[in-house]
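Please study the sequence and the three-dimensional view shown here. A short briefing accompanies them.

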Amino acid sequence: MSWVQGLMVAAAVLPYGAALAAKAGGRRFDNNDPRPWLAAQQGWRARANAAQANLFEGLPFFYAAVLYALYAGAQQDGLAGLMGAWVALRVVYVLAYVLGRGTVRSIVWAAALAVNLAILWA
């Protein structure tokens, strides 16, 4: 598996990490009907669930940018570096979101968007 492939997989599993964080150890979690339980959460669990949704929302643009860069003939080493930066920023984004650091979260989100644009034009 190449770095590009591995980073695409890493990006795909990030939302599941946030989902696991939101649900892990929760009282009365109902796996048969999890959405109402998640909607009723507050604090860091609610923020982890919101981070999960945002991670899923960001995936299509990330994948489209990566696929376009590959189609356009971008060098895989440079592309993998940008992809790694995006994945790392998104991990920091989740941590900032869960810890309730809104300003940091917004700055990291903007940085990840800038990296995603750089991937598009790699």
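The points below describe the overall fold, the surface and one nonpolar patch.

This is a predicted model, in which local features need pLDDT of at least 70, side-chain atom pairs count only at pLDDT 80 or more, and totals for chains, interfaces and linings use all residues. Residues are numbered from 1 along each chain as its sequence is written, and side-chain values use heavy atoms, with hydrogens and water left out.

**Overall fold**
- The protein chain contains 5 helices and 0 strands, where helices (H or I, at least four residues) and strands (E, at least two) are DSSP runs numbered from the N terminus.
- Its pattern along the sequence is α-α-α-α-α.
- The C-alpha trace of the protein chain spans about 50 × 30 × 20 Å along its principal axes.

**Burial and surface**
- Of the 122 residues in the protein chain, 34% count as buried; buried means under 20% relative accessible area, exposed over 50%, and partly exposed in between (1.4 Å probe, protein chains only).
- The protein chain exposes about 7200 Å², of which carbon and sulfur atoms supply 62%; accessible areas come from the Shrake-Rupley method with a 1.4 Å probe, and for residues only the protein chains shown count as cover.

**Nonpolar patch**
- Phe61, Trp109, Leu113, Leu117 and Trp121 make a nonpolar surface patch of about 500 Å².
- Patches are made of residues with over 30% relative accessible area and no salt bridge (a side-chain nitrogen of Lys or Arg within 4 Å of a carboxyl oxygen of Asp or Glu); nonpolar side chains (Val, Leu, Ile, Met, Phe, Trp, Tyr) are joined within 5 Å, and like charges within 9 Å.
- Helix H5 (residues 102-120) gives the largest share of the nonpolar patch, 3 residues.
- Leu117 lies in helix H5 and is partly exposed, with a relative accessible area of 32%.
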